[in-house]
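Please work through the exercises below with the model open beside you, trying each task before reading its solution.

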Amino acid sequence: MTTPDRSVLERVEPPAELASAEEPVPACSFQVNNLSIWYGDKRAIDDVTLDIASNAVTAIIGPSGCGKSTFIRALNRMHELVPKTRVEGTVLLQGEDLYSSAVDPTIVRRRVGMVFQKSNPFPTMSIGENVIVGLRLNGVRDRKFLNERLEKSLRMSALWDEVKDDLHKPGTSLSGGQQQRLCIARALAVEPEVLLMDEPCSALDPIATAKIEELIYELKTKYTIVTVTHNMQQAGRISDYTAFFYLGRLIEFGPTTKIFTNPSERQTEDYITGRFG
Amino acid sequence: MRFETAHQHTWRKIKSALACTIAFVSAILVISPLGLVFFYLLIHGAGSVNWDFFTKLPAPVGAVGGGMVNAIVGSLELLGLAGLIGIPVGVLGGVYLAEYGSARINSVLRFLADVLNGIPSITWGMVVYGLVVLRFKGFSAYAGGLALALIMIPLILRTTEEVVLLVPNGYREAALALGVSRWKTIVHIVMKTASKGIITGILLALARVGGETAPLLFTAFGNRFWNHSLSQPIAALPLQIFTYAISPYDDWHRQAWAGALVLVMGVFCVNVIVRILTRGRAASVV
């Protein structure tokens, strides 16, 4: 079959005790345990522990420089691109330790896709090529399969109707919002289990933002989504769970409705109500 | 606060006009040698650039006519050999500098490449003479190609590094986040994005070594006839120009002018191609 080889990192069912707890605990995608990350001597993430639910949207909020981006980049090992990073603690994806020495970061990233703040379709490629590039560079040659995946991914990212006649045009010819949806289609084409989004709307106008938010809402039926946002209203609108980070620490984590209406921590309340940050 | 007087204002305008004139004259002085070279080459050489020049071997001393076809083909062969060695080494080295390696090693490599770029080209001829010509007991196209390649490598290395560094990091991250390996990301995304710049660097390096004479003196050596084996001496346009220019015969002098004109036109054409390739680069940087 032409799907990417996943034998290195098989899906593992969540541990039984989680499922058999008294209350029905939502299936969890990531389990982050005592995670700390250093850039050189600077500690960017300080002893963070949280579970990220499957098929739900988890929003990471907090003031600039609080470690939000570092945290979600740690979920697919993208933070390793910065030289001199050091990690302590574990991140389990479906029970499998992402940082174990047997795991290749390339395979992790195939399972955990990512969309960036600035839309970045490859300038040398057409719209169509941009969508399937992840499959193509991972050795998929089957033309029919690629075409099917191309349409499916563009439909899922709600871009198909707008670009179906222009698939050969350069990806950079699209508007900013369309480019960002193209990047989402590109990430979806390799069929990841999780989609990480690092402030996906911060460079977009309100209408394009609304489209992406709507898209995120639809995608969560199939994917686990973790998104960083600076926009408090956006976190309130799209997310099921919210984690508030401050100075590299996880201050509070819980269902979004609770965080926004009845936070347990003073700092969370101050930040959400706009008293700082 | 005191405003300038009418007198000061006039004086300032005169100074401005003066500076502008000096800058304009300097600009003219900068481009005039090019016009001079073209003009001079056209006067002396254009008459001898004819069909025979591109199709015939050099005529024996005293005989009229003849051409430089062997030198033109020889130059192309030498450039081919130089490119075969110089392009992969230069491009891959440049990619290494931009994408891999530690900051400290890279700054050393960069410094060394800049030193290499400053080495007089005749030095490369001597080095290859010592390393290849003496060892294999003969001048050869291989030796000439190697000498030219050694000049090309640091040139290509530095331009490749620069254009690869211009590729925004977002593209690398986007590819890596798709689960594409580092190497494939570099080849299919980064190098592809920078390909125009890399090709420009290669063409400029070829144009530069295409006109080199000194490194070929003790390596390719020159040849009045066709070269039948790359392990034999081979003719090259600059070498032929050199030989003809220092000869005592008027006929050869005319041919030397023609050769120089053809060489300059070749370099000019390469530069035009580069301009076409890089058109619209202002917007996309690479």
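**Exercise 1. Determine how strands E1 and E4 of chain A pair, and place them in their sheet.**

Solution. Strand E1 (residues 28–39) and strand E4 (residues 85–93) of chain A pair in the antiparallel sense over 8 bridges, where helices (H or I, at least four residues) and strands (E, at least two) are DSSP runs numbered from the N terminus, and two strands pair if DSSP finds at least two bridges between them. To find one such bridge, start from A:Gln31, whose partner in E4(A) is A:Leu92. Stepping outwards, the open sheet has 4 strands in the order E2-E1-E4-E5 (chain A), with antiparallel pairing. Its edges are strand E2 (42–53) and strand E5 (96–97) of chain A, each of which pairs on one side only.

Before going on, note that this is a predicted model, in which local features need pLDDT of at least 70 and side-chain atom pairs count only at pLDDT 80 or more, while totals for chains, interfaces and linings use all residues. Residues are numbered from 1 along each chain as its sequence is written, and chains are lettered from A and ligands numbered from 1 in the order in which they are written.

**Exercise 2. Describe how strand E9 of chain A is covered and which strands it pairs with.**

Solution. Begin with burial: 6 of the 6 residues of strand E9 (residues 241–246) of chain A are buried, a residue being buried if 20 or more other C-beta atoms lie within 10 Å of its own, exposed if 12 or fewer, and partly exposed in between, with C-beta atoms placed from the backbone. Next, separate the faces: A:Tyr241, A:Ala243 and A:Phe245 lie on one side, and A:Thr242, A:Phe244 and A:Tyr246 on the other, so that both faces of E9(A) are covered.

Now take the partners in turn. Strand E3 (residues 57–61) of chain A runs parallel to E9(A) and is joined to E9(A) by 4 bridges, with A:Ile60 standing opposite A:Ala243. Strand E10 (residues 249–255) of chain A pairs with E9(A) in the antiparallel sense over 6 bridges, and here A:Phe245 has A:Leu250 as its bridge partner. E9(A) and E10(A) form a hairpin with 2 residues between them, and A:Leu247 in the turn has a positive phi of about 50°.

Finally, the open sheet of 6 strands has the order E6-E7-E8-E3-E9-E10 (chain A) and mixed pairing. E6 and E10 of chain A are the edge strands, each pairing on one side only.

**Exercise 3. Why does A:Leu150 count as buried, and which residues does A:Leu150 contact?**

Solution. First locate A:Leu150, which is found in helix H5 (residues 143–156) of chain A. A:Leu150 is buried because 22 other C-beta atoms lie within 10 Å. Leaving aside neighbours within four places in sequence, A:Leu150 is in contact with A:Gly128, A:Val131 and A:Ile132, two residues being in contact if their C-beta atoms, placed from the backbone, lie within 7 Å.

**Exercise 4. Work out how helices H9 and H1 of chain B are each oriented against H12(B).**

Solution. Take helix H9 (residues 195–210) of chain B first: its axis and that of H12(B) come within 10 Å and cross at roughly 170°, axes being lines fitted to C-alpha atoms, for helices over the stretch in contact, and angles running from 0 to 180 degrees between N-to-C directions. H9(B) is therefore roughly antiparallel to H12(B); angles under 35 degrees count as roughly parallel, over 145 as roughly antiparallel, 65 to 115 as roughly perpendicular and the rest as oblique. The residues of this contact divide into 10 nonpolar, 4 polar and 1 charged, where Ala, Val, Leu, Ile, Met, Phe, Trp, Tyr, Cys and Pro count as nonpolar, Asp, Glu, Lys and Arg as charged, and the others, Gly among them, as polar.

Then turn to helix H1 (residues 6–45) of chain B, which packs on H12(B) at an angle of about 135°, with the axes 8 Å apart. That angle makes H1(B) oblique to H12(B). On the side of H1(B), the contact is made by B:Val37, B:Leu41, B:Leu42, B:His44 and B:Gly45, and on the side of H12(B) by B:Trp257, B:Ala258, B:Ala260, B:Leu261 and B:Val264. These residues divide into 8 nonpolar, 2 polar and no charged.
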